[in-house]
Amino acid sequence: MESNALMWFRKGLRIHDNPALDHARRGATRILYPVFVLDPRYLERDPSAFSPGSARSGLNRIQFLLESLADLDKSLRRLGSRLIVLRGGDPADVVIRILREWNIGKLCYEFDTEPYGQARDARVKDFASGSGIEVFSPVSHTLFDPAHVIQKNGGKPPLTYQSFVKLAGQPAPPIGQPFSSLPPVGDVGECENVGVPTIQELGYGSLGQVEFSPFRGGESEALKRLNESLVDKEWVANFEKPKGDPSAFMKPATTVLSPYLKFGCLSSRLFYQSVQEIYTNVKRHTSPPVSLVGQLLWREFFYTVAFGTPNFDQMRGNKICKQIPWSDDDKLLASWRDGQTGFPWIDAIMVQLKQWGWMHHLARHSVACFLTRGDLFIHWEKGRDVFERLLIDSDWAINNGNWLWLSCSSFFYQYHRIYSPVTFGKKYDPTGKFIRYFLPVLKDMPKEYIYEPWTAPASVQRRANCIIGRDYPRPVVSHESASKQCRLKMGEAYALNTASRGPWAARIWRSSAGNSEKTIQLPTRARDSNRNA
């Protein structure tokens, strides 16, 4: 029997390797409605936020999403369809309404593993199932189904990369060739199709951000970037994550495909298959965890652990997270967030984040370590929130997983290994080109002082037109003494965590930020992992 079908886009903003869309078009011989619902949770303007944007997203990621939607609409139009963009509050409420009004017999959408998406989709699925509407929700945002991997591991998520890789096996290939047409779009009734809005139409026109990320959104851009990244087969074969250059910015020393994977503009299965084809045609190549395929598997690892771990995005109530009495210093947090720590390597990275919505993974390691266990001893959740807002590739599972890792709260426990805010960047970029670009106030500082401008004599500062303490801040901490104190605090916290091996034994810790006492639930010790993310 013929019925109308609804293809509900959220992530998975692509035509290629999209099982939900393929199933929707096969089951809709009459009408197919491709729909995206604007979510005020991510798009509604928040004037109180520390940067232009909504409560949860800066303008760079919002702009990337809008570009991705516009590109998806163009692709659908080439197939005889179009993207219906709706607004009106909670997306679940909007979808339930159109399921009622448009005589939908089949609802298709890509499976979402995030807690917010799970709760949203459960509401819609319950309504659809109760109304006799077929629901098809395939796993296609990841290479593997996290639930299947967890089931293979006895119902618990694997907590090391190596154990995950052994369990996961080989992913399924992407689905077949792209189709040449789609069923027509039906009457939307009283629902207003607002089309893909511009950043100005969302109410952000007067916020003063004139420059956006140089990385444009959309499936077309994703496939173009994929092809460009894979042209140099030797580079693909020899890719080794720890050897990337975090200071390369005009031509980043990585693929910059993460935002396209985050929004589903690029299929992870197509990426995986494309790299594997290159591997078969070269004499030798690197292997996981450092290889290019290894990076895709890191993504899968974090997705799986996040899916199977309650409260994965916080310290309290998270059984795999060490309970650490982090400091609470809003002034230090703001100096880090705004690129005003007085350490040019750290500040340039944070300015790049604000301007571009992206930075190299080793740069992320540097600033995350500096904020947490390296220098400032501020809670990883605070840094996570900044990354979540500003990164165009901000991904709930990966962002939280990496902050847990880099703060040595889970997965990685060698807290004595600290990224120097001075020497780490210098070994890649001794003349400071990266710093000069993103911190123009230091552009004339001699290379001898570019990483430590506070050590420059007054005469050198005057010639460089940059007086430290006036034009550029002095360091907010002494790295040598701060890192030593951080190691001591981490050691004390680890000892207390080890001592509290009973399941969820409550202890009173005195906050290192003041005299207030806090009751913190302490989990059993998580298993160590031998690799850094």
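Select Ser258, His361, Arg364, Asp393 and Ile398 in this predicted model: of the 34 residues lining the largest cavity, these lie nearest its centre. The cavity holds about 730 Å³ of space. Next, colour the elements that give two or more residues to its lining, namely α11 (258-262), α13, α16 (361-374) and α18. Among them, α13 provides the largest share of the lining of this cavity, with six residues. Colouring the lining of the largest cavity by class gives 18 nonpolar, 10 polar and six charged residues. If you switch to colouring by domain, domain 2 (220-308) and domain 3 (330-480) each give at least three residues to the lining of the largest cavity.

The structure holds two cavities of 30 Å³ or more. For the second largest, select Arg10, Lys11, Glu110, Phe111, Asp112, Thr113, Val139, Ser140, His141, Thr142 and Tyr303, which line it. The volume of this second largest cavity is about 90 Å³. Its lining is made up of three nonpolar, four polar and four charged residues.

Keep Lys11 on display, and add Tyr42, Glu114, Tyr116 and Lys262. These five lie nearest the centre of the largest pocket, whose lining counts 31 residues. The volume of the largest pocket is about 710 Å³. Which elements should be shown around the largest pocket, as suppliers of at least two lining residues each? They are β1 (4-9), β2 (32-37), α2 (40-43), α3 (59-78), α5 (115-130), α17 (380-390) and α18 (396-406). Helix α5 accounts for the largest share of the pocket lining, four residues. By class, the lining of the largest pocket has 13 nonpolar, four polar and 14 charged residues. Domain 1 (1-140) and domain 3 (330-480) each contribute at least three residues to the lining of the largest pocket.

Helix α18 is worth a second look here: α18 supplies at least two residues to the lining of the largest pocket, and two or more to the lining of the largest cavity.

Move now to helix α1, residues 19-26. Which of its residues are buried? Select Pro19, Ala20, Leu21, Asp22 and Ala24 to see them. Then show what covers these buried residues, including β1, β2, β4 (104-108), β5 (134-136) and α12 (268-279). Strands β1 and β2 have already appeared on this tour, as suppliers of the lining of the largest pocket.

For the interior, hide the surface and select Phe9, Leu13, Leu266, Phe271, Trp336 and Phe411. These have the most contacts inside the largest nonpolar core, which has 140 residues. Helix α13 (residues 292-308) gives this core its largest share, 10 residues. Apart from it there is another core of 24 residues, including Val35, Val37, Leu107 and Tyr109. As background, nonpolar side chains in soluble globular proteins tend to be buried together.

The last stop is Gln485, which sits in helix α22 (residues 479-499). Is Gln485 buried, exposed or partly exposed? Its relative accessibility is 42%, so Gln485 counts as partly exposed. Finish by drawing a distance from the C-alpha atom of Gln485 to that of Asp375: the two are separated by 8.2 Å, although the residues are 110 apart along the chain.

Terms used: Residues are numbered from 1 along each chain as its sequence is written. This is a predicted model: local features need pLDDT of at least 70, side-chain atom pairs count only at pLDDT 80 or more; totals for chains, interfaces and linings use all residues. Side-chain values use heavy atoms; hydrogens and water are left out. On a 1 Å grid over the protein atoms alone, a cavity is a set of points where a 1.4 Å probe fits but cannot get out, and a pocket is an open set with protein on both sides within 12 Å along at least five of seven lines; lining residues have an atom within 4 Å of a point. Grid points are joined across faces, edges and corners, and a volume is the space filled by probe spheres set on the points. Ala, Val, Leu, Ile, Met, Phe, Trp, Tyr, Cys and Pro count as nonpolar, Asp, Glu, Lys and Arg as charged, and the others, Gly among them, as polar. Domain bounds come from an automatic or database domain assignment. Buried means under 20% relative accessible area, exposed over 50%, partly exposed in between (1.4 Å probe, protein chains only). Contact means heavy atoms within 4.5 Å. A nonpolar core is a set of buried Ala, Val, Leu, Ile, Met, Phe, Trp, Tyr and Cys residues joined through side-chain atoms within 4.5 Å.
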